[in-house]
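This report goes through one structure, starting at its ligand and ending at its backbone. Please keep the sequence and the coordinates at hand while reading.

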Amino acid sequence: MKNIKGTTRVCGLIGNPVKHSMSPLIHNALAEYENIDMAYVTFKVEEQDIEKALAGAYALNILGMNVTVPHKQNVISGLIDIDELAQNIGAVNTLVRAEGGYKGYNTDILGLQRELIDAGISLENSDIIIIGAGGAARAISFLCAKEKANSITIINRTRQKAILLANEVNNKLGVNIVKGIGLQEYSRLSGKKYIVLQTTSVGLHPDIDTALIEDDEFYDLVEVGVDIIYNPAKTKFMKLVEAKGKKAYNGLKMLLYQGVSAFELWNNIQVDEHNVQKVYELMKKELEIVE
Ligand code: NAP
C-alpha cells in the first residue's frame with residue numbers, strides 16, 4: 001500500500017471511461033521510483049461537467065491532470081494557458097497547475113517524439129506517410145511539419161478528411177508540404193522511401209489480423225514503420241513492414257513517454273532513464289507482452 005500522507009500531492013486522469021487506463025500504473029510507479037510524494041487516481045467525468053471538474057480540481061489543489069476521451073478538445077476553453085503545439089493540434093492531454101488555473105500540453109505528441117528519438121528516426125528532411133486522419137494523425141501531422149519533414153502524405157479511408165487535415169496543417173504552419181489522398185491513390189507515391197506512421201485503429205485487438213493497407217507493393221515504399229497501436233504488440237502492419245526486411249515499432253513507448261513527459265511537467269524534474277525502463281517493463285508485464 002502506497003504511503004499516503006498529509007503532504008501527498010494528487011494527480012489524476014479525467015475522462016470517460018477511465019477504468020482501463022494504464023496511467024495509474026505509470027504514474028504511481030514513477031512516483032515510487034523517483035521518490036516523489038504524489039498519488040495518481042482516475043476521475044470519471046461526464047462531458048457536460050468538464051468545466052466544473054476543472055474548477056473543482058483547482059480548488060482541491062490538484063497538482064496536475066491527464067485528459068482523455070471525450071474531453072481532449074473541450075477542456076481547452078477552461079484553461080488559463082496552452083502550449084503552442086497543443087494549441088495548433090487543438091487537443092490537450094495534460095494539465096499543469098499554474099497561478100489561477102491549468103496550462104494545457106499535448107504529451108501524446110511528446111511521447112511519440114521521444115519514441116522516435118529512441119528508435120533513431122529523424123523526421124527532419126524525411127518523406128513521411130501518415131496512415132489515418134483521426135485525432136492521433138492530426139497531432140502527428142503537426143509534429144512532422146514542425147520537425148521540418150520534406151513531405152507528408154496523409155492517406156485515409158475518408159479522403160476528404162485527409163485533404164482537410166493536410167490543408168489545415170499547411171495553413172496553420174505556413175508550409176506547403178502536406179497533402180491528403182484516398183486509399184486508392186498511393187500508387188502515385190513510387191520512387192522514394194518513406195517513414196510510415198500507422199495511426200488508424202485498424203489492427204487493434206481483437207482484429208489483429210488486419211491492416212488498412214495489405215497490398216504487398218505498398219510496403220516497398222517503407223523505410224521504417226511505426227504503428228501507434230500497442231495491443232497487439234506486433235500488429236499486422238508491423239509484420240508487413242518486417243516482411244520487407246525493414247524495422248517496425250509499436251506504440252507502447254509513445255504511451256510510456258506521454259506519461260513520463262506529463263510526470264516531468266508536474267514535478268519539474270527529469271525522470272531517470274533507468275526508472276523509465278522499469279516502468280516500461282511493468283507496462284509490458286501488465287499487457288502480457290513477451291519480447
Ligand atoms: P480516431 O480519431 O477515431 O481516428 C480513427 C482513424 O482510423 C481514422 O483515420 C479512421 O478513418 C480510421 N479507421 C477506423 N476504422 C477504420 C476502418 N474500419 N477502415 C478504415 N479506416 C478506419 O482515433 P484516434 O484517436 O486517432 O486513435 C487511433 C488509434 O491510435 C487508436 O487505436 C488508439 O488506441 C491509438 N492511439 C495510441 C496512442 C499511444 O499512446 N500509443 C495514443 C493515441 C491513440 P476515417 O476517417 O475514414 O473514419
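The sections below cover the ligand site, the helix packing and the backbone geometry of this predicted model.

## Ligand shell

The ligand is surrounded by 21 residues, of which Gly135, Ala136, Asn156, Thr158 and Lys161 are the closest. Sorted by class, this shell consists of 10 nonpolar, 9 polar and 2 charged residues.

Which helices each supply at least two residues of the shell around the ligand? They are helix H5, spanning 135–146, and helix H8, spanning 252–267. Both helices return below, in the section on packing.

## Polar contacts and cover

Two side chains among the closest residues reach oxygen atoms of the ligand. For asparagine 156, an N or O atom of the side chain is 2.8 Å from a ligand oxygen. For lysine 161, a polar side-chain atom lies 2.7 Å from an oxygen atom of the ligand.

Glycine 251 takes part through its backbone: one of its backbone N or O atoms lies 3.0 Å from a nitrogen atom of the ligand. On its own, the ligand has 920 Å² of accessible area, and the protein covers 70% of it.

## Helix packing

Helix H5, which supplies shell residues, packs with two other helices described here. Its partner H4, residues 107–118, meets H5 at an angle of about 55°, and the two axes are 10 Å apart. H4 is therefore oblique to H5. The crossing of this pair is right-handed. Helix H6 covers residues 159–173, and its axis comes within 10 Å of the axis of H5, with a crossing angle of roughly 40°. That angle makes H5 oblique to H6, because it is neither under 35 degrees nor in the range of 65 to 115. H5 passes H6 in a right-handed crossing as well.

H4 also packs against H8, the other helix named for the shell. Here the angle is about 120° and the axes are 7 Å apart. How does H4 lie relative to H8, and what is the reason? H4 is oblique to H8, because an angle of this value falls outside 65 to 115 and is not over 145. H4 passes H8 in a right-handed crossing.

## Cis peptide bonds

Most peptide bonds are trans. Where does this chain have cis bonds before a proline? One joins histidine 205 and proline 206, with omega at about 10°. Proline 206 sits in the loop that runs between strand E10 (194–198) and strand E11 (222–227).

Another cis bond runs from asparagine 231 to proline 232, where omega is near 15°. Proline 232 belongs to the loop between E11 and helix H7, which spans 236–242. Strand E11 thus borders both of these loops.

## A positive phi

Most residues other than glycine have a negative phi. Asparagine 35 has a positive value, with phi near 55°. Its place is in the loop between helix H1 (23–33) and strand E2 (38–44).

How values were computed:
Residues are numbered from 1 along each chain as its sequence is written. This is a predicted model: local features need pLDDT of at least 70, side-chain atom pairs count only at pLDDT 80 or more; totals for chains, interfaces and linings use all residues. Side-chain values use heavy atoms; hydrogens and water are left out. A residue is near a molecule or strand if one of its heavy atoms lies within 4 Å of it. A polar contact is a pair of N or O atoms within 3.5 Å; within protein, one must be able to donate a hydrogen and the other to accept it, and residues adjacent in sequence count only if both atoms are side-chain atoms. Accessible areas come from the Shrake-Rupley method with a 1.4 Å probe; for residues, only the protein chains shown count as cover. Helices (H or I, at least four residues) and strands (E, at least two) are DSSP runs, numbered from the N terminus. Ala, Val, Leu, Ile, Met, Phe, Trp, Tyr, Cys and Pro count as nonpolar, Asp, Glu, Lys and Arg as charged, and the others, Gly among them, as polar. Axes are lines fitted to C-alpha atoms, for helices over the stretch in contact, and angles run from 0 to 180 degrees between N-to-C directions. A crossing is left-handed if the near helix is turned anticlockwise from the far one by less than a right angle, and right-handed if clockwise.
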